[in-house]
Amino acid sequence: MEATLYVIPGSHPATAVRRMLEAKGVDYKRVDLMPVISRAVLKALRFPGITIPSLRIDGRKLTGSREISRALDEIAPEPPLFPDDPSKRAAVEEAELWGEKVLADAVRRILWNAVKRDKKPLRSYAEGSRLGIPIGLAVATAAPIIAAELRINGVTDEAVRADLANLPGWLDEVDAWIADGTLGGEVPNAADFQIAAGLRLAMTLQDLRPAIEARPAGELALRLVPDFPGDAPPILPAEWLEPLRAGASA
Ligand SMILES: N[C@@H](CCC(=O)N[C@@H](CS)C(=O)NCC(=O)O)C(=O)O
């Protein structure tokens, strides 16, 4: 089976799909793209969308981590990413949707806001990638890409402050899903991979990691995504992080 996965270094939904492919034993070629430039490449390749992850597999072109998880279960059914039982499947689909639309979007906003303040950590997110240009050059010329990503993703300070205030409640939600068995089972499901990858990217920010790593949610993220590039030192304003400290000491 021929598969090519288009990724951006440090992309959490792309990492979710990589781990799904690995779990199913599907070999794939990885193509690393620069953010924003990725849009033109995917358009030129006639994918149905212009976002990462996009996957060419078995003659199909797919864009979107949730579209891909469903297609992978058709193409390579074992081990399944969704349970057979309809009510269990509905719970996994709900958690997966939340992981994509709520958690992953928030983590993306938080990361780009941090990078706007200090772009030096960008280099660490590109570790192990093959962008076709030296990493130093990519980082040195990143300013227009950062500006575009701030716009594309609605990265305002207000939005990011709200995300950080919401994070403790979101972590409680993930812990509750682990407790009720929706997440964290023996065979990882699509929601496990989606949510673990989002949390794992969040944990590359030293500002966030202490609030996540010791809880069931953090353990799930480290178990399913042991390796994730990137390490950002404390960057965000201390007062924005107050809700996390309050949550950690509660
Ligand atoms: N929600 C989408 C992810 C869409 C998305 O925003 N992907 C980012 C990478 S994490 C992207 O393509 N960024 C490049 C850009 O928008 O220019 C999914 O789960 O597939």
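These legends describe close-up views of a predicted model.

**View 1. The ligand and its surroundings.** The ligand occupies the largest pocket. Three elements each give two or more residues to the shell around the ligand: α1 (12-23), α2 (37-44) and α4 (86-117). The shell holds 15 residues, and Arg39, Ile52, Ser65, Glu100 and Glu149 come nearest. By class, five residues of the shell are nonpolar, six are polar and four are charged.

**View 2. Polar side chains at the ligand.** Arg39 places an N or O atom of its side chain 2.8 Å from an oxygen atom of the ligand. Ser65 also faces a ligand oxygen atom, with a polar side-chain atom at 2.5 Å. At Glu100 the ligand partner is a nitrogen atom, 2.6 Å from a polar atom of the side chain. On its own, the ligand has 510 Å² of accessible area, and the protein covers 90% of this.

**View 3. Arg215 and two aspartates.** Arg215 belongs to the loop between α10 (209-212) and α11 (216-224). What does the side chain of Arg215 contact at 2.7 Å? The partner is the side chain of Asp172, in a polar contact. The side chain of Asp175 makes a polar contact with the side chain of Arg215 too, at 2.8 Å. Is Arg215 buried or exposed? Arg215 is buried, because its relative accessible area of 18% is under 20%.

**View 4. Thr63 in strand β4.** Strand β4 covers residues 60-63 and includes Thr63. The side chains of Thr63 and Ser54 meet in a polar contact of 2.8 Å. A polar atom of the Thr63 side chain also lies 3.3 Å from the backbone nitrogen of Gly49. Thr63 has 12% relative accessibility, under the 20% limit, and therefore counts as buried.

**View 5. Two pairs of residues separated in sequence.** Val7 is part of strand β1 (residues 3-7). It is buried, with a relative accessible area of 4%. Val7 and Pro48 are 41 residues apart along the chain, and their C-alpha atoms are separated by 15 Å. The second pair is Asn166 and Leu244, 78 residues apart in sequence. Their C-alpha atoms are 9.0 Å apart in space. Asn166 lies in helix α8 (residues 157-179) and is partly exposed, at 37% relative accessibility.

**View 6. Cis peptide bonds before two prolines.** Most peptide bonds are trans. The bond between Ile52 and Pro53 is cis, with omega about 5°. Pro53 sits in the loop between α2 and β3 (54-57). Ile52 is also among the residues that come nearest to the ligand. A cis bond also links Glu78 to Pro79, where omega is near -15°. Pro79 falls in the loop between α3 (65-75) and α4.

**View 7. Positive phi at Val36 and Arg46.** Most residues other than glycine have a negative phi. Val36 has a positive phi, near 70°. This residue is in the loop between β2 (29-32) and α2. Val36 is partly exposed, with a relative accessible area of 26%. Phi of Arg46 is positive as well, near 60°. Arg46 is in the loop between α2 and β3. Why does Arg46 count as exposed? Its relative accessibility is 71%, and exposed means over 50%.

Terms used: Residues numbered from 1 in each chain as written. Predicted model: local features only at pLDDT ≥ 70, side-chain atom pairs only at ≥ 80, totals over all residues. Heavy atoms only, no water. Near = heavy atom within 4 Å. Polar contact = N/O pair within 3.5 Å; in protein donor to acceptor, adjacent residues only side chain to side chain. Areas by Shrake-Rupley, 256 points an atom, 1.4 Å probe, with all protein chains shown as cover. 1 Å grid on protein atoms, 1.4 Å probe; cavity = no way out; pocket = protein on both sides within 12 Å on 5 of 7 lines; lining within 4 Å. Sits in = over half its atoms within 2 Å of the grid points. Helix = DSSP H or I, 4+ residues; strand = E, 2+ residues; numbered from the N terminus. Nonpolar A, V, L, I, M, F, W, Y, C, P; charged D, E, K, R; others polar. Buried < 20%, exposed > 50% of the residue type's maximum accessible area, 1.4 Å probe, protein only.
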